[in-house]
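Subject: Structure handover

Hi,

Here is the structure I said I'd pass on. Have a look at it first, then read on for what turned up.

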Amino acid sequence: MVSEEKWMKLAISLARRGEGKVSPNPVVGAVLIKNGNLIGKGYHRYFGGPHAEIEAIKDAGEKVRGSTLFVTLEPCCHFGKTPPCTKAIIKAGIKKVVVATLDPNPLNNGRGVEILRKAGIDVKVGVCEKEARKINEFFFKFIREKIPYVILKAAASLDGKIATYKGESKWITGERSRKLGKKLRSKVDAILVGINTVIKDNPQLLPLKSRKRFFRVILDTKLRIPPGAKVLEEQLHYPTFIFTSSKANREKIRSLKEKNVKVRVLEDCEDRVNLKKVLRELGKEGIASLLVEGGGEVIASFIEENLADRIFLFLSPLLIGGRKAPTWIEGKGFESLKYVPRIKIEKIQKVDEDILIQGYFQKTNTIM
């Protein structure tokens, strides 16, 4: 059992190399073992590319026959961008397959394992299952609910302020915290902010490194976005979605669409955009993960509507104060503590002088 966990953890570490590169597919890693030795390894490198199992089989070459395959997710058994991995595993003469977790995709769920067993291959499921599910938490939610996994990210002073009462905000947290915050963009499919953030800061909202697939999302009920906003640039490589209302200026909608901006009009939207509809629209585009960077009203909306999954909160050792100074979470607030959402804190770490708190939202029936 110890050796099984050892090889599966190696496969999981390989799978992580595909983070941010294979979505909306899952990250997957695989290793081939024979006589206690590693003979092949691989991972899913990019969307549409060979799956981890195929990479490992190719890496092992002629040694593959009679080996044991350790793979982080149940091998696929259907034709997609690539042929079924089950077929390649059987053809390669692999004698045993150890699977960390079943694939939640209805096209595969349990069927891949069944096909392998019917072919006479010994299959074991559940080794390092918890770790394997965690590295694919985006994929599991997306397949199950058809909407993106939502991460909230905020940077504030110890008293929760994101600016002084006069609006000064650069910089509250340190340089390393800012770099870590931007690094989160490399792991997700899209980033979302409200129109107030666009007007005030004019951000580009780009990933740190060149990406084949990355989207920018703006919530703009009254379509106030300035024509020179930086998020309207580079539409060819990093498309921008703007969600607005039926009251938006039709001429401005037409002008934005001519720039290849993806404007989505939500008919029943009044004072603010319907976030559930936004997530459903993004899900239809194959966006499996979303990083929400603010501002305070937008973050509050996701929390109030119970739509956030995870949070990264950077806190700087500053006390800004001020009744009118904006906080990282605004909104109406909750009427009673019994309705207040709770965070299951996963990790607290020092980032130079700052503190980073990572946690998961515990889903509740919130009442405002």
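Let's start with a pair of helices: Thr86, Ile89 and Ile90 in α3 meet Gly112, Ile115 and Leu116 in α4. By type, the residues of that contact split into four nonpolar, two polar and no charged. Before I go further, bear in mind that this is a predicted model. Helix α3 covers residues 85-92 and helix α4 covers residues 111-118, and their axes come within 10 Å, crossing at roughly 20 degrees. Anything under 35 degrees counts as roughly parallel, which is why α3 is described as roughly parallel to α4. The crossing of α3 and α4 is right-handed.

Now the sheets. One of them is an open sheet of five strands with mixed pairing, in the order β2-β1-β3-β4-β5. At its edges stand β2 (37-43) and β5 (122-125); each has a single partner strand, so one side of each is left without a neighbour in the sheet. From one strand to the next, the twist averages 15 degrees. Helix α2 (residues 52-60) packs on this sheet and touches β1, β2 and β3, with its direction at about 140 degrees to that of β2. Inside the sheet, β1 and strand β3 (residues 68-71) run antiparallel and are joined by four bridges, with isoleucine 33 standing opposite threonine 68 in β3.

If you want a residue to click on there, try leucine 32, which is found in strand β1 (residues 29-34). Is leucine 32 buried or exposed? The cut-off for buried is under 20% relative accessible area, and leucine 32 has 0% relative accessibility, so it counts as buried. Leaving aside residues up to four places away in sequence, leucine 32 touches a long list of others, including Leu38, Ile39, Ala56, Ile57, Val64, Leu69 and Ile94. Also, leucine 32 and glycine 66 are 34 residues apart in sequence, with their C-alpha atoms 10.0 Å apart in space.

The other sheet is also open. It has nine strands in the order β10-β9-β8-β7-β11-β6-β12-β14-β13, again with mixed pairing. Its edge strands are β10 (262-266) and β13 (342-351), each pairing on one side only. Ignoring direction, neighbouring strands are turned by 20 degrees against each other on average. Helix α11 (residues 296-304) packs on this sheet, touching β6 (149-157), β7, β8 (215-219), β11 and β14 (354-362), and its direction makes about 130 degrees with that of β11.

Strand β11 deserves a moment of your time. How many of the residues of β11 are buried? Six of the six are, so β11 is largely enclosed by the rest of the structure. On one pairing, strand β7 (residues 190-194) runs parallel to β11 (residues 289-294), joined by four bridges. There, isoleucine 191 stands opposite leucine 291, and leucine 192 stands opposite valine 292. β6 and β11 also pair in the parallel sense, over four bridges, and valine 150 stands opposite leucine 290 in β11.

Over at β13, the pairing with β14 is antiparallel and has nine bridges. Lysine 344 has tyrosine 360 in β14 as its bridge partner. The hairpin of β13 and β14 has two residues between the strands, and aspartate 352 takes a positive phi near 55 degrees in it.

Another positive phi, of about 65 degrees, belongs to lysine 146, just after α6. Helix α6 itself (residues 137-145) has these buried residues: Glu137, Phe139, Phe140, Lys141, Phe142 and Ile143. They pack against α5 (129-135), β6, α10 (275-284), β12 (310-316) and β14.

One last residue, this time from a loop: lysine 230 sits between β8 and β9 (240-245). Its relative accessible area is 34%, so lysine 230 is partly exposed. Apart from residues up to four places away in sequence, lysine 230 touches Asn202, Pro203, Gln204 and Arg216. Lysine 230 and lysine 209 are 21 residues apart in sequence and 17 Å apart in space, C-alpha to C-alpha.

That's the tour. Shout if anything is unclear.

Cheers

Technical notes. Residues numbered from 1 in each chain as written. Predicted model: local features only at pLDDT ≥ 70, side-chain atom pairs only at ≥ 80, totals over all residues. Heavy atoms only, no water. Pairing = 2+ DSSP bridges. Axes fitted to C-alpha atoms, helices over the stretch in contact; angles between N-to-C directions. Contact = heavy atoms within 4.5 Å. Parallel < 35°, antiparallel > 145°, perpendicular 65-115°, else oblique. Left-handed = near helix turned anticlockwise from the far one by under 90°. Nonpolar A, V, L, I, M, F, W, Y, C, P; charged D, E, K, R; others polar. Buried < 20%, exposed > 50% of the residue type's maximum accessible area, 1.4 Å probe, protein only.
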